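Here's a quick tour of a protein model for anyone new to reading structures. Take a look at it first, and then we'll go through it topic by topic.

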Amino acid sequence: MIELENVSKHYGKKLAVSDLSLRIEPGEFFAVLGPNGAGKTTTIKMIAGLLRPSSGRVRVCGFDVEREPLKAKRLMSYVPDQPFLYDKLSGLEFLHFIADMYDMPSAERDREIDRLCEVFAMKEWIRELCESYSHGMKQRVVLAATLLHHPKVIVVDEPMVGLDPHSARLVRGIFQEEARRGTSIFMSTHVISIAEECAGRIGIVMQGKLVAVGGMEELRRQAQSDGKLEDVFFKITENGHSGPT
Amino acid sequence: MSDIVVLAAMKARELRNRFRQVRQGSRFKVAVLAAFSVAFWASLYRLFYFGLRYLYMYARDYYFEDLMARMFDIFFFALTLMLIFSNAIISYTSYFKSKETAFLLAGPVRPESVFLYRFGESLAFSSWAFLFLATPLMAAYGALFRLGAAFYVGTGLFFVAYIFIPAAIGAMVAMVVTCYIPRSRKGLLWGFVATSLAVVMILVSKILSIRASTSMELRLVMDVFEDIGFSSNPILPSFWISRGIRLLRQEEVGGALFFLGLIGANALFLGGLAHWMSSGLMMKGWFVSQGLRSARRYAAGGVLDRVLGRSLFFMSRGVRLMVVKDLKSFVRDPVQWSQFLIFFGLLAIYFLNLRSFAYEDRDIFWKNLIAQMNLLATSLTLATFSSRFIFPQLSLEGRRFWVIGMVPMERDQILFGKLALSFLSSLAISETLIAISSVMLRTPMTLAVLHAVALFGICLGLSGLAVGLGALYPNFAEDNPSKIVSGFGGTLNLVLSLGFVLAVMAAQGVPCFLYFGRWALAPGQFQKWIVIGMASIAVLSLAACLIPMALGLRRIQRLEV
């Protein structure tokens, strides 16, 4: 579960996120949409504990990210928009490293790695150094690392960038499956169709403010539109709609 | 398993993989790099050995022990300052700017474990140069006095214990400055630059406050040592290592062990203090550094564009655009130009104060000697900077190559742009420095002109080498210039640049020493030697510029990114 309570973030005089309050329940798939520079990545980094809110509080599974960061991070996985891999480790070594960081018993670690290699079709190349991987291969390793320790919360920033259609569908399916198992998912994306297809609730952010939030029906009502999410999104962002937070 | 053990195990696996890659890679490259390293170390050893032997023969009966004590104190003091500075810079970037730190901090790793892990990396990264400089000195010192294995083992222990002290201080400086000093990117950098400049300026002003008398060289040396006597203050760790090593030589094991213990205890204390501080300051510094954002706005077609556009009228449009783009990028990156400013600024301060040493009143032998040393210092600094800043330029275009690779401009214009920028900027700076040196020394016009001409050739050759080899050995996968430079191409460029500088120095230095020295050539013979020297410089400079440029141009035409 993720809770944001009146969270704001300033970069000097610039207000990146303004008084954001939000609660993502266990098993909920929440997608956040917004134009570039709207504050999506800043929000995600605050949830991941990489940025400190200027005011307000972020909790993950009941743990305050600022006060009890290790407890919060142990239950969470974060996938940044530009994921990091150690070039001089093989994908398998990287997964072992992640499992060790989360104190996974070795038998469980090996079993899970085998399963994820199967799921992401990585068996053939997982023992090669990460520096030799294509963007899509790197994304698969990162996503496998994300799921490896069975997090209760997954925070993802633009997961579909650079993925081929097959991999994108695979990732979508995996996140939906994780949500069904009770994992809270907070995903930022520019791909409106993915948000529409996967997310139970969608938030639209503009200039640091959450201008609309809810399921598809609720968003349609707020935008007074019967169209697809794309139409709703454009209507809300073009009007600079100021809805509930 | 503890998080720091997990991180250490991962690093060990990474190093093992790197080592395997090196073993599987080109043996030729490994052999060349190893040969260069050994040759460089051996040259330093010879230089130190001859210097020490000369001093020993000159002052054996009177001042040798005093002289060695002061020299060691100053040597280790200067190295310690250098280490603190480089550790602070490396620590700042590795603690607060790196993607890996962001990745680790997002996981269940304690910030103090991230600190320890990154501290180890910074320590290794910044201390190898210390070992590379200090070990040949110690080897030469040991060889001069025919010392046994115990001296070398003891010295090794001193070094290993000692490097933790500046590393811990540098790490603490980086954390404190990031957390508590100006809250802007530029402010942070200025904080680092201003602090280090202030320290260096104080040292330089101490030395330059001496007004020497022309007839008393020894008195001058003692005056210099007296004025920088602070480096012999027993409170300084550099004094402990200096004294400890000298006691080792004198086989006073008890005294040496005392200083080794003192260094070890302080290394542990400072390391512990830095670790303790990291539990609070690591995350705080991370948050501060991530919250910084430059608010400055830059309009296209600003003053810099207009001034450069007009003053570079003699270049073709393509070359001019490349030069302006690279200059703007350089000017807006304080990490780049601050290093440039520190080294060339120090040279300028030294040259401007040459009269403090009353060299201008000395005979022509000394003037020539000092002028030659100044030319060498300027040229070697240029060689280092062309290797550090110019060589990686084309590699850094890597991810942006689609822009310049697609514009309707010949690819060779890219290289000519970089050559022009390197040549003109290094020429302007170095000729100014050498002109100051010549004026302050009141050198004869012939010598001043000779040095200006030699420097012209050196700038041309160094620029051609750096740009040409940069195109011949590009590394488009890396966006960190220091990593690009440390590869095969960068090392080759540095070594060839140093060799080229020494060759040009020899070509102009031999006639100068024969004429202005104590061998006194006749004017007619001097002219003949000068013609030979100038012709050699022209051949060397053209070869150093044209050969790598031709190879680089051929490579860039076929480049597939």
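Leaving aside its neighbours within four places in sequence, which residues is B:Arg118 in contact with? They are B:Ser94, B:Tyr95, B:Ser98, B:Glu100 and B:Thr101. Keep in mind as you read on that this is a predicted model.

**Two spots in chain B**

- You'll find B:Arg118 in helix H5 of chain B, which covers residues 111-144.
- B:Arg118 counts as buried because its relative accessible area is 5%, and the cut-off for buried is under 20%.
- One of its contacts can be pinned down further: the side chains of B:Arg118 and B:Ser98 make a polar contact at 2.9 Å.
- Now hop over to B:Gly51, which sits in helix H2 (residues 27-59) of chain B.
- B:Gly51 is partly exposed, since its relative accessibility is 33%.
- B:Gly51 and B:Leu137 are 86 residues apart along the chain, and 10.0 Å separates their C-alpha atoms.

**Chain B as a whole**

- If you're hunting for strands in chain B, you can stop: the chain has 22 helices and zero strands.
- Of the 561 residues in chain B, 48% are buried.
- Take the contacts in chain B between residues at least 6 apart in sequence: 82% of them join residues at least 24 apart.

**Where the chains meet**

- On the chain A side, 27 residues are in contact with 29 residues of chain B.
- Together the two chains bury an area of about 2,800 Å², and carbon and sulfur atoms give 64% of that.
- Three residues stand out here: A:Leu50, A:Tyr86 and A:Lys88 supply 22% of the area that chain A buries against chain B, more than any other three residues.
- How many salt bridges are there between chain A and chain B? The count is one, and the side chains that form the bridge belong to A:Glu93 and B:Arg16, with 2.5 Å from N to O.
- Eight residue pairs, both partners at pLDDT 80 or more, are in polar contact between chain A and chain B.
- Helix H2 (69-74) and helix H3 (91-101) of chain A each supply at least two residues of the side that touches chain B.
- H3(A) gives the largest share of that side, with six residues.
- By type, the residues on the side of chain A that touches chain B split into 15 nonpolar, three polar and nine charged.

**The nonpolar cores**

- In soluble globular proteins, nonpolar side chains tend to be buried together.
- The largest nonpolar core in this model has 167 residues, and those touching the most other members are A:Tyr86, A:Phe97, A:Phe186, A:Ile202 and B:Ile245.
- Helix H11 (residues 253-290) of chain B provides the largest share of this core, 13 residues.
- Apart from its neighbours within four places in sequence, A:Phe97 is in contact with A:Tyr86 and with several chain B residues, including B:Val6, B:Leu7, B:Met10 and B:Phe103.
- There's also a second, separate core of 59 residues, and B:Leu382, B:Leu415, B:Val504 and B:Leu553 are among its members.

**A covered helix in chain A**

- Is helix H1 (residues 40-48) of chain A mostly covered or mostly uncovered? Seven of its nine residues are buried, so by the under 20% cut-off the helix is mostly covered.
- Among the buried residues of H1(A) are A:Lys40, A:Thr42, A:Ile44 and A:Met46.
- Right after H1(A) comes A:Gly49, whose phi is positive, near 85 degrees.

**Salt bridges**

- Over all chains, the count is 28 salt bridges.
- One of them pairs the side chains of A:Glu3 and A:Arg59, at 3.8 Å from N to O.
- That pair links distant parts of the chain, 56 residues apart: A:Glu3 is in strand E1 (residues 2-11) of chain A, and A:Arg59 is in strand E4 (residues 55-60) of chain A.
- Both A:Glu3 and A:Arg59 are buried.
- Another salt bridge joins the side chains of B:Asp326 and B:Lys325 at 2.8 Å, N to O.
- Its two partners differ in cover: B:Asp326 is buried because its relative accessible area is 7%, whereas B:Lys325, at 30%, is partly exposed.
- Salt bridges that share partners also tie A:Glu3, A:Glu5, A:Arg23, A:Glu25 and A:Arg59 into one network.

Notes. Residues are numbered from 1 along each chain as its sequence is written. Chains are lettered from A and ligands numbered from 1 in the order in which they are written. This is a predicted model: local features need pLDDT of at least 70, side-chain atom pairs count only at pLDDT 80 or more; totals for chains, interfaces and linings use all residues. Side-chain values use heavy atoms; hydrogens and water are left out. Contact means heavy atoms within 4.5 Å. Buried area is the accessible area (1.4 Å probe) that two parts lose on being put together, summed over both. A salt bridge is a side-chain nitrogen of Lys or Arg within 4 Å of a carboxyl oxygen of Asp or Glu. A polar contact is a pair of N or O atoms within 3.5 Å; within protein, one must be able to donate a hydrogen and the other to accept it, and residues adjacent in sequence count only if both atoms are side-chain atoms. Helices (H or I, at least four residues) and strands (E, at least two) are DSSP runs, numbered from the N terminus. Ala, Val, Leu, Ile, Met, Phe, Trp, Tyr, Cys and Pro count as nonpolar, Asp, Glu, Lys and Arg as charged, and the others, Gly among them, as polar. A nonpolar core is a set of buried Ala, Val, Leu, Ile, Met, Phe, Trp, Tyr and Cys residues joined through side-chain atoms within 4.5 Å. Buried means under 20% relative accessible area, exposed over 50%, partly exposed in between (1.4 Å probe, protein chains only).
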